Amino acid sequence: MENEKTFKTKTGFCHILSDKIILSRDGIIGNVAKITVGNGISRILLIYSTISIFLIYSAYSSFQKGENVSVLFFGLLAIFLIYGIIKSINNSATPIIERSKIKEAKFINAKIGLTRSRFEILFEDENGKLKKRLIMLPGSLNDGTNETEKALTIMKSERILAS
């Protein structure tokens, strides 16, 4: 491929090309063509919404029975899921991002033992809507520190990430 730079991600590889960013599972860009491009996160959000509705119903039923511990448990779990849904509503699972459509790119460093390092790419999709694509980097058990440094170097040298 012409002037391709690649680094490992949590679930595969990220290929930085002159005109686009491609995320692949096996490191072979040609295999991405088999994947249908779209917002694959909507199905997951629908499942979480259904679970949230069930939890709210369970909390209401427990409230009617006077089971305060169950009300608190189901209610807090429902609130946690609804918060996650709201926060994830503009996320995208697209494997191809046109570099000309990128509005902003941020690097978020890992919190040891809690989270992994990631890039948040804010871009405009084919419908003109602003979407966010997370590129999760490998964790500490998969040589995460070295892979994070390599990814940062590539993203800065390609001017996707501000220095």
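**Figure 1. The antiparallel pairing of strands β6 and β7 in the predicted model.** Strand β6 (residues 118-124) is joined to β7 by seven bridges, and the two strands run antiparallel. The model shown here and in the other views is predicted. One residue pair of this ladder is Glu124 and Leu130 of β7, which stand opposite each other. The two strands form a hairpin with five residues between them. In the turn, Gly128 has a positive phi of about 85°.

**Figure 2. The two faces of strand β7.** Strand β7 covers residues 130-136. Lys131, Arg133 and Ile135 make up its covered face. The uncovered face consists of Leu130, Lys132, Leu134 and Met136. Leu130 of this uncovered face is also the residue that stands opposite Glu124.

**Figure 3. The open sheet of β5, β6 and β7, with helix α3.** The three strands form an open sheet in the order β5-β6-β7, with antiparallel pairing. Strands β5 (102-108) and β7 are the edge strands, each of which pairs on one side only. On average, neighbouring strands of this sheet are turned by 15° against each other, direction ignored. Strands of a sheet pair through backbone hydrogen bonds, in either a parallel or an antiparallel arrangement. Helix α3 (residues 144-157) lies across β5 and β6. With respect to β6, helix α3 runs at about 30°.

**Figure 4. Strand β3 and its pairing with β2 and β4.** Strand β3 comprises residues 20-24 and is mostly covered, four of its five residues being buried. Strand β2 (residues 13-16) is joined to β3 by four bridges, and these strands run antiparallel. Cys14 has Leu23 of β3 as its bridge partner. A hairpin is formed by β2 and β3, with three residues between them. Strand β3 also pairs with strand β4 (residues 96-98) in the antiparallel sense, over three bridges. Within this second pairing, Ile21 has Ile97 of β4 as its bridge partner.

**Figure 5. The packing of helix α1 against helix α2.** Helix α1 spans residues 42-65 and helix α2 spans residues 68-88; their axes come within 8 Å and cross at roughly 155°. Because the crossing angle lies over 145 degrees, α1 is roughly antiparallel to α2. The crossing of the two helices is left-handed. The residues of the contact divide into 14 nonpolar, seven polar and no charged. From α1, the contributing residues include Leu45, Tyr48, Ile51, Leu55, Ile56, Ala59 and Phe63. Among those that α2 supplies are Val71, Phe74, Leu77, Ala78, Leu81, Ile82 and Ile85. Ser49, Ser52, Ser58 and Ser62 in α1 also take part, as do Ser70, Gly75 and Ser88 in α2.

**Figure 6. The protein chain as a whole, as context for the close-up views.** The protein chain contains three helices and seven strands. Along the sequence, these elements follow the pattern β-β-β-α-α-β-β-β-β-α. Of the 163 residues in the protein chain, 34% are buried. Among contacts in the protein chain with a separation of 6 or more, 49% are accounted for by residues 24 or more positions apart.

Methods: Residues numbered from 1 in each chain as written. Predicted model: local features only at pLDDT ≥ 70, side-chain atom pairs only at ≥ 80, totals over all residues. Heavy atoms only, no water. Buried < 20%, exposed > 50% of the residue type's maximum accessible area, 1.4 Å probe, protein only. Pairing = 2+ DSSP bridges. Axes fitted to C-alpha atoms, helices over the stretch in contact; angles between N-to-C directions. Parallel < 35°, antiparallel > 145°, perpendicular 65-115°, else oblique. Left-handed = near helix turned anticlockwise from the far one by under 90°. Contact = heavy atoms within 4.5 Å. Nonpolar A, V, L, I, M, F, W, Y, C, P; charged D, E, K, R; others polar.
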